[in-house]
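Me: I am new to this structure and would be grateful for a close look at a single helix, with enough of its setting to place it.

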Amino acid sequence: MDRKLIDYLPPALQKVLEFMAITDAQQPEIEKAWDALNLVMNNQFINTATKEGVSVWESELGITPLNTDTLETRKQRIKTFWTYGVVYTYNWLVHWLKTSCGDDNPLPTINEYTLRVALPVSADYIGLLESMRRYISANVLIDPVILLTKMRLPHYTGAVFRHSVVQKFQTPAWNTDNINLLADENNKVLTEEYGGLIFYEEVTI
């Protein structure tokens, strides 16, 4: 607070020690009073209301907030309820949706008795639809579209495939005169793990 009690005294008294001590002692209480007054003024308006002020608004309008609601969500719901009872027009609906969903929200369209509106997934679209139902005639069908949030992720996807070809070919016959096949104690020819290679030794003469 920039206001000091000492500043309200005549210049001749501002330098008197007794008045300086009195105003210094009273200054904290005056600041509390000013803060309380500012709080009351702020709670008169939805945009500047605190949690306590929002609770009063909700009580007056019969709104029960959710435990997961943020302060801004509660304020937006109050604004929605507060505008109940106005004369409904298409232009009013456009303004109402912009206030509730953002200025870049797509415009609603009307086809005979069907009203098509786009609502962002980040908004309280269930509450918005319930509120909208109050303003729109019962014979008009509301066809909502939920807009998903676009995101850019630093990830890439890909695929890998393996291509194999079965081929048949012949090799020249071995000259087994100088080849000894390796076998185990059961005289079973030794091969590698998958059975595709035979272990042998070549005898040099």
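Reply: The following account begins with the whole protein and then turns to helix H5.

This is a predicted model, in which local features need pLDDT of at least 70 and side-chain atom pairs count only at pLDDT 80 or more, while totals for chains, interfaces and linings use all residues. Residues are numbered from 1 along each chain as its sequence is written, and side-chain values use heavy atoms, with hydrogens and water left out.

The protein contains 6 helices and 5 strands; these are DSSP runs, numbered from the N terminus, with helices being H or I of at least four residues and strands being E of at least two. Along the sequence, their order is α-α-α-α-α-β-β-α-β-β-β. Of the 205 residues in the protein, 20% are buried, a term that means under 20% relative accessible area with a 1.4 Å probe, counting protein chains only.

Helix H5 covers residues 90-101 and has 12 residues. Its expected span, 1.5 Å times one less than its number of residues, is 16 Å, and its end C-alpha atoms are 16 Å apart, which agrees. Within H5, the buried residues are Trp92, Leu93, Val94, Trp96, Leu97, Ser100 and Cys101. The cover over these buried residues includes helix H4 (71-82), strand E2 (114-120) and helix H6 (125-135), where contact means heavy atoms within 4.5 Å. Just after H5 comes Gly102, which takes a positive phi of about 110°.

How values were computed:
Buried < 20%, exposed > 50% of the residue type's maximum accessible area, 1.4 Å probe, protein only.
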